[in-house]
Amino acid sequence: MDHRANVAVHHEGASAFPPWTGRRTLAGAERHHVHPVGLSGPGVTPVIGADDGSSISGDVGRLRGTVPARSLGSRQRCCSPIEKQREGDTTVTKQGGLSRSLGLWAIVGLGLGYMTPTVLFDTFGIVTEETNGVVPLTYLMALVVMVFTAISYGRMAKVFPTAGSSYTYTREAMHPRLGFLVGWAALLDYLLLPLVNALIIRLYMTSLFPSVPGWIWVVGFVAGITALNAWSMKSTSKLNFVLVAFAVAMIGAFLVLATVQLYHGMGQGTLFTTQPFFHSGVAIPAVLSGATVVCFSFIGFDAITMYAEEARRKSDVAKAIIITLLIGGAIFLVTGHVAQAIFPDVAGFQLVDDTLPEMALKVGGGFFQIVFMSAAFAATVASALASHASVSRMLHVMGRNGVLPKRIFATVHPRRHTPVGSVIVVGLVSLLAITPSLELISSMINFGALVAFTFVNLSVLAYFAWRRREYRTPKHVATNVVLPLIGTLMTGVLWSFLHKDALIAGIVWVSIGVIYAVALTRFTGRRVSDVAIGEEAAVVTAAPEPELAAV
């Protein structure tokens with residue numbers, strides 16, 4: 001337990017997320033009329049949506065012609081090769097494509113698994129020391145920041161229900177080349193988190209069994225996670241749900257035991273105290289600094305958009321984003337309040353950088369400590385499952401669009417309906433956990449998350465306010481301009497605390513992406529802007545948002 005993980009987004013001198021979790025510390029278009037996205041101008045014919053609530057738009061100019069419009073009453077297929085999914089349909093998106101097997105709560109479970117609810121206990125000492133004992137207040141501030149970005153994710157997921165997340169939204173709302181760069185930058189976060197989880201398992205297991213070489217644990221763990229993701233998304237989500245439920249149950253047990261200890265006079269001696277939220281000696285700048293650390297405890301709600309093509313109902317994705325964020329926020333707020341009430345400061349901890357084992361021991365004794373540590377281990381496995389599944393979907397979409405090698409990344413197993421090629425690639429990358437340190441990897445992974453958050457908010461502005469010209473009423477201004485601007489500005493606060501190592505790593509990674517895009521053009525004659533989003537690289541399915549409902 002003496003290993004550390006550097007905080008990539010922090011106030012100077014802040015400590016790290018410990019190795020239990022792998023977390024980073026860091027106008028109008030009519031209702032049925034969607035302006036073509038990706039390319040606009042002369043020669044582009046707008047497409048009228050069908051009466052089933054869908055509409056088609058795309059980079060029509062690239063198809064050397066126009067897409068014929070169809071009447072509102074027609075259900076006849078247009079030129080799109082994408083199989084339209086009706087609400088509740090559980091078949092595959094297209095023959096040989098991904099399977100729509102995930103219900104609302106399965107998606108929520110994947111989001112919570114990605115977030116790792118037990119992370120609060122690992123960072124409790126760090127944030128308590130940083131903020132002078134107001135951990136729940138920092139989580140409340142972080143939740144407010146994340147809510148605005150979550151609303152933007154939910155709105156764009158309704159309009160573009162594909163698995164590309166920030167890559168898709170930026171590409172279609174702003175520009176294909178910019179979308180590629182955003183997707184490439186986001187990969188730095190998404191692709192490295194499965195590796196971090198494997199690295200944490202290596203550190204944990206080698207501390208328990210020092211005589212066993214670390215590479216054995218990495219290979220075995222990565223092989224199991226990869227095999228399960230390749231076998232079935234439904235099986236992956238079920239196991240993830242069980243692990244998350246166990247971790248949440250143990251958090252509930254901690255709350256009960258801590259309440260008993262408070263009743264017996266430990267800490268503040270009562271739950272009904274405002275001290276965990278504010279008291280003398282609390283400095284707002286320090287609280288903001290702590291909020292930038294705990295903000296990255298919420299990362300996971302954004303990855304939900306990766307499951308858009310596997311959700312039974314397309315509307316479930318937007319709902320799941322908000323539900324996941326609110327449940328995660330509630331867990332962090334309630335647990336943070338109780339924990340801060342019973343541990344007002346870090347005076348009694350031997351290891352401030354990783355307080356989880358000592359908190360469990362002080363509250364419930366040795367047996368509960370073992371059980372609670374196993375819950376933290378289960379949460380790490382759940383995070384590994386969810387993060388592996390989500391990034392493989394993003395790689396699959398980029399491969400399907402031709403910006404990554406199709407023969408590898410666009411491959412979907414004909415019977416299992418999983419992106420097996422992308423899943424295997426993520427597994428191979430995760431094997432790098434055999435040698436690097438957690439400090440090195442954790443310093444690299446926050447850049448991509450901030451890029452994604454920034455451009456998803458900007459995509460709402462670009463799509464609704466600029467392309468659809470929906471800014472003529474107070475409601476339009478509020479939902480299409482004010483909310484995404486607030487989300488962008490709040491993300492800018494996080495940018496101001498980004499560690500220079502993470503910034504350097506991100507710039508290097510984006511530079512590699514630029515070089516790759518140039519090479520793709522030179523050797524294949526294709527540009528990253530030559531392909532539209534969607535299966536068979538043809539046109540985009542853009543579903544109109546129901547009267548600007550902000551999720």
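What percentage of the 551 residues in the protein do buried residues make up? In this predicted model, the buried share comes to 60%. The protein's fold is built from 16 helices and 4 strands. On the outside, about 20,100 Å² is exposed, and carbon and sulfur atoms supply 66% of that area.

**A helix pair**

Let's look at two of the helices together. Helix H5 covers residues 176–208 and helix H10 covers residues 356–400; the two pack with their axes 9 Å apart, at an angle of about 150°. Because angles over 145 degrees count as roughly antiparallel, H5 is roughly antiparallel to H10. The crossing of H5 past H10 is left-handed. The table below shows how the residues in this contact divide by type.

| Residue type in the H5–H10 contact | Count |
|---|---|
| Nonpolar | 18 residues |
| Polar | 6 residues |
| Charged | no residues |

So what does the contact of H5 with H10 hold in the way of charged residues? It has no charged residues, with 18 nonpolar and 6 polar ones making up the contact.

**A closer look at Ala-291**

Now for a single residue: Ala-291 sits in helix H8, which spans residues 284–294. Is Ala-291 buried or exposed? Its relative accessible area is 7%, and because buried means under 20%, Ala-291 counts as buried. Leaving aside residues up to four places away in sequence, Ala-291 touches Thr-138, Met-141 and Ala-142. Thr-131 lies 160 residues from Ala-291 along the chain, and the C-alpha atoms of these two residues are separated by 9.2 Å.

Terms used:
Residues numbered from 1 in each chain as written. Predicted model: local features only at pLDDT ≥ 70, side-chain atom pairs only at ≥ 80, totals over all residues. Heavy atoms only, no water. Axes fitted to C-alpha atoms, helices over the stretch in contact; angles between N-to-C directions. Parallel < 35°, antiparallel > 145°, perpendicular 65-115°, else oblique. Left-handed = near helix turned anticlockwise from the far one by under 90°. Nonpolar A, V, L, I, M, F, W, Y, C, P; charged D, E, K, R; others polar. Buried < 20%, exposed > 50% of the residue type's maximum accessible area, 1.4 Å probe, protein only. Areas by Shrake-Rupley, 256 points an atom, 1.4 Å probe, with all protein chains shown as cover. Contact = heavy atoms within 4.5 Å.
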